[in-house]
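Welcome! Here are three short exercises to work through with the model open beside you. Try each task before reading its solution.

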Amino acid sequence: MSLADLTLDRWRSLDPDAAGRLAREAAAQVGGRVVLLDTVGHLGGPLHRVRIERGGREFALVPGGTVRLGFDLDAWEPTAAQRADYAESAEEGYGYGHEDLTSYLADVLSPPRTATLATVLMAVEDEALTEPASGVPAALAAHGLRMPGADEWEHACGAGSGTLFRWGNECPLDEPPHGSGGPRHEPNAFGLHIAYDSYGTELSDDPAAVHGGDGGEAVCGGYGNLLGWLPLATANRNPYAAEFTYGPDGAGMYAEFSTRPVLSLR
C-alpha cells in the first residue's frame, strides 16, 4: 500500500509501532525527520498524530480515504443563544439578507458530501502570501510544495468531526474570535494550528472559497458575536469573502492572506 492511499480508518487501527514505521517512511519520502509521534483521543477512539520537519517547516500527517465533508444542517439544531444572536444581527441588516441562521449557513458553508482524498503532509502553520494569489502555485512548486485543495483543507481542519467548528457545535459568544489564548489555538486532532483567528484568510486552490477566517470583516464591521465566530467554522467557504479576496479590491492586499503548503506523498 502506498502512503498516499492510507485511509483515516486504517491509520486509526494501527498500533503505535506500526504508526511510527509509516511516519518514518513518510519523512524519508520527503527528506524530512519525525519530530513528534503521539496518540490522542478523538471521536471516541485513539488517533495518532505525526509531525515531520522538512526545510524549516513542520508538517502534520493528514490521512485521507473516502471522507465526509460539509455541514449537515438537517442534523443540527442551533442553541437559543445562537438563534437570538443571529436574529439581532439580521435585524441590524447583517447576514447577507438572510432572515434566519439556517439559510445564512446554507449560503456560506459547503454542503454535506463525500470525497476521496490522498494522504498528505500539510503545514502545521499557515504562511502569509509573498505575492498575489495567481503566483503562489508556481512559487510553492519550486520547493516541491503546493496549495491545499478546498476539500483537503476542510478535511484537515475537521478531522471527520462533522461539527460546526472543529471543536464542537458551539462557540463562546462572550469571547472574541481573534487574538491569543482560548481552545481555538490548541492543535486540532491532526496537530494543525488551524481555524484559530477570524482575522485570518487562508486560500486553497479554489478561488471560490476562503477558509479559517474572513480577514476580520465581521468583527470590524460589528456584525455580531456569532457572525464573528462563523468564519472559523470548518465548512466555511464564504463566497462573499472569496469574491473580495480574488477581486480587484483584494489584489493589492495579498500579504494579508495566507495559505497552508502541502507535500504530496506517494
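Two strands count as paired if DSSP finds at least two bridges between them. Keep in mind that the model is predicted.

**Exercise 1.** Work out which strands are the edge strands of the open sheet with order 7-9-8.

*Solution.* Start with the sheet: it is open, has three strands in the order 7-9-8, and its pairing is mixed. Next, look for strands that pair on one side only; these are strand 7 (127-128) and strand 8 (202-203), the edge strands. Then follow strand 8 to strand 9 (residues 258-259): the two run parallel and share two bridges. Within this pairing, leucine 203 has threonine 259 of strand 9 as its bridge partner.

**Exercise 2.** Find the residues that touch the most other members of the largest nonpolar core, and the helix that gives the most to this core.

*Solution.* The core holds 47 residues, and Trp11, Leu121 and Leu192 touch the most other members. Helix 2 (residues 16-30) gives the most, with seven residues. A separate core of 21 residues includes Leu105, Tyr223, Leu232 and Ala233. Now go back to leucine 192: beyond four places in sequence, its contacts include Ala60, Val62, Met122, Pro187 and Arg260.

**Exercise 3.** Decide whether helix 6 (residues 150-158) is mostly covered or mostly uncovered.

*Solution.* Take under 20% relative accessible area as the cut-off for buried. Eight of the nine residues in helix 6 are buried, among them Trp153, His155 and Cys157. Helix 6 is therefore mostly covered by this cut-off. Finally, step past its end: alanine 159 follows helix 6 and has a positive phi, near 50 degrees.

Definitions and conventions
Residues are numbered from 1 along each chain as its sequence is written. This is a predicted model: local features need pLDDT of at least 70, side-chain atom pairs count only at pLDDT 80 or more; totals for chains, interfaces and linings use all residues. Side-chain values use heavy atoms; hydrogens and water are left out. Helices (H or I, at least four residues) and strands (E, at least two) are DSSP runs, numbered from the N terminus. A nonpolar core is a set of buried Ala, Val, Leu, Ile, Met, Phe, Trp, Tyr and Cys residues joined through side-chain atoms within 4.5 Å. Buried means under 20% relative accessible area, exposed over 50%, partly exposed in between (1.4 Å probe, protein chains only). Contact means heavy atoms within 4.5 Å.
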